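Student: I am new to this structure and would like to go through it step by step. Could we begin with the ligand and what surrounds it?

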Amino acid sequence: MKYSNEFKFDDLQGLLRFGHGQLSETCFLLLNIVDANAAKQWLSNARVTSAIETTPRPQTALHIAFSVAGLRAIGLQEALIEGFSDEFITGMTGDESRSRRLGDIGVNAPAYWEWGGDSQQVPHVLLLLYAESDGIAAWRKQVEDTLFTAAFQLISQLPTQDMGKREPFGFADGISQPNIDWANRQSTDTHQRAEYSNWLAPGEIVLGYPNEYKQYTVRPLIDPQTDALAAVLPIAEDQPALKDFARNGSYLVLRQLDQDVPGFWQFLNKATDGAPEQLAAAMVGRQLNDAPLMPTGVEKIPGVPVDDQLNQFNYVGDPRGNVCPIGAHIRRANPRTGDLPAGVTGLWTRLIRILGFGLKHPNDDLVASSRFHRLLRRGRTYGPPLSPADASKPDALIAERGLQFICLVANISRQFEFVQNAWLVNSKFAGLQNERDPLLAHRNPLNDGNSTDRFQRPDPSGPVRETCHLPQFISVRGGAYFFMPGLSALKYLASLPSTGRGHSA
Ligand code: HEM
């Protein structure tokens, strides 16, 4: 397959390339389309931010994403909608088995969500606005200037509050991100991918490009012979006779996750007789000063800049979790494994390990290759900041705090849902049993009655240290799957024929 080395960024929404870290203020709006024609007119004038790099960096940014209901409401043909993935069409809360797999049970159940819980009433549009400090009100006014109120009904403005790149528990967030291989420097061939690498094929995050399997993810394609409007769309690279509605677009997963900050620090204080930092760091896999528990710089990770000390590590030298517990949040969320089991050298050992015969410990199992399950995270925090010290006081101020968790992926089920289900919420992971992600999972017992509310830290000099009766620290308040189209797909949507619904502006 021939790749172009020059990636064209002008058709991507900028969020795929930038986290907009310099734009500290945000306004996330959930909208319903009440007048499709007005919405299309608004869309054709909207200054959606592209992924082109500019100097100076932009002072504001605007991104837009649609749920499946939103694509229908704006008039996208059903034949095209069918080209999207099943999980996008069914939605985050569309079936009970998905909710169970995502851990959305008990107090997390969609029935208790503030938004998105009713699969029939998922908001149509997610509008993400970003601005420099003190700039968000003026930017919102500009965005809403033309036709906005005629086109959309505001369902909810999601809370957001800058916490200076820390999440509410006090840890730095967004340190580790995949490095998108825009220039196709790295082969996706399994034989060359024994080790963990941070390079990720663009097709893992952006639709219309080869992914880590060297395949193009299934997506809606259009025959330009039957649809003249499709002329604005890019050609489908894998089927050049067709136009690609989804190229340069991405799925956007949004989950509003409430964090019980006083509950977290007070439990840890109690469990450790007033010295909670070490246990908290073990649960996260990083210290409060951002450093990972694993020593850095030992392994040079392809795709991680050499000076990025906070990310130059993997877990090859720590198979039992003595340094970083296997159940730590960052080790579960990205076990940093290559394609072949650790310790493989020759052809023979390779075969033995791949077939699973070379396992040294009865609890060992093989964690899937990380490269097929990476997420590009773009979340923002909400609620009043509370330091770990203040949160530990018995009279700590209770307030709604949390994370508007956002990730961008090309395949919701293989990436977001797999990580959430198989790695984070699952009570079995890499040889661990009867425990789930210590930060974000629910603590429901198993069907056989066994509890799952523990967290284990191996100690090379003694028995495993076990923390029991972990309460649930995070609860789900809302969530939905969206599709964030490329800029030409937005033009296509804006030019769809009048639906006859609402009034034509
Ligand atoms: C309120 C909920 C959450 C909190 C407080 C939280 C906190 C953190 C923190 C402190 C880090 C370490 C900083 C970093 O490496 O960027 C991290 C990393 C990460 N988290 Fe979360 N997280 C939350 C939810 C989630 C969810 C829902 C997912 C995925 C379904 C997730 C996936 C990841 C991944 C992939 C990493 C990077 C791991 C690595 O590459 O080393 N997180 N998170």
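Student: Which residues come nearest to the ligand, of the 26 around it?
Tutor: Keep in mind that this is a predicted model, and that a residue is taken as near when one of its heavy atoms lies within 4 Å of the ligand. Of the 26 residues around the ligand, the ones that come nearest are Ile 175, Ser 176, His 329, Arg 336 and Arg 377.

Student: How far is the side chain of Ser 176 from an oxygen atom of the ligand?
Tutor: A polar contact is a pair of N or O atoms within 3.5 Å, and several residues meet the ligand in this way. A backbone N or O atom of Gly 174 lies 2.9 Å from a ligand oxygen atom, and a polar side-chain atom of Arg 377 is 2.8 Å from an oxygen atom of the ligand. For Ser 176, the distance from an N or O atom of its side chain to an oxygen atom of the ligand is 2.5 Å.

Student: How many residues of the shell around the ligand are nonpolar?
Tutor: Strand 9 (250-259), helix 10 (329-333), strand 12 (402-409) and helix 13 (413-425) are the elements that each give two or more residues to this shell. By class, the shell has five charged and six polar residues, while the number of nonpolar residues is 15.

Student: Where does the ligand lie with respect to the domains?
Tutor: The protein chain is divided into domain 1 (14-254 + 479-494) and domain 2 (260-373 + 385-407 + 422-472), and 43 residues of domain 1 are in contact with 44 residues of domain 2. The C-alpha centres of the two domains lie 29 Å apart. Because both domain 1 and domain 2 give residues to the shell around the ligand, the ligand lies between them.

Student: At what angle do helix 1 and helix 14 pack?
Tutor: Helix 1 (residues 36-45) passes helix 14 (residues 487-494) in a left-handed crossing. Their contact is made by Lys 40, Leu 43 and Ser 44 of helix 1, together with Leu 490, Leu 493 and Ala 494 of helix 14. The axes of these helices are 8 Å apart, and the angle is about 145°.

Student: Is the peptide bond from Thr 55 to Pro 56 cis or trans?
Tutor: Pro 56 lies in the loop between helix 1 and strand 2 (60-66). For the peptide bond from Thr 55 to Pro 56, omega is near -5°, and the bond is cis.

Key. Residues numbered from 1 in each chain as written. Predicted model: local features only at pLDDT ≥ 70, side-chain atom pairs only at ≥ 80, totals over all residues. Heavy atoms only, no water. Polar contact = N/O pair within 3.5 Å; in protein donor to acceptor, adjacent residues only side chain to side chain. Helix = DSSP H or I, 4+ residues; strand = E, 2+ residues; numbered from the N terminus. Nonpolar A, V, L, I, M, F, W, Y, C, P; charged D, E, K, R; others polar. Domains from an automatic or database assignment. Axes fitted to C-alpha atoms, helices over the stretch in contact; angles between N-to-C directions. Left-handed = near helix turned anticlockwise from the far one by under 90°. Contact = heavy atoms within 4.5 Å.
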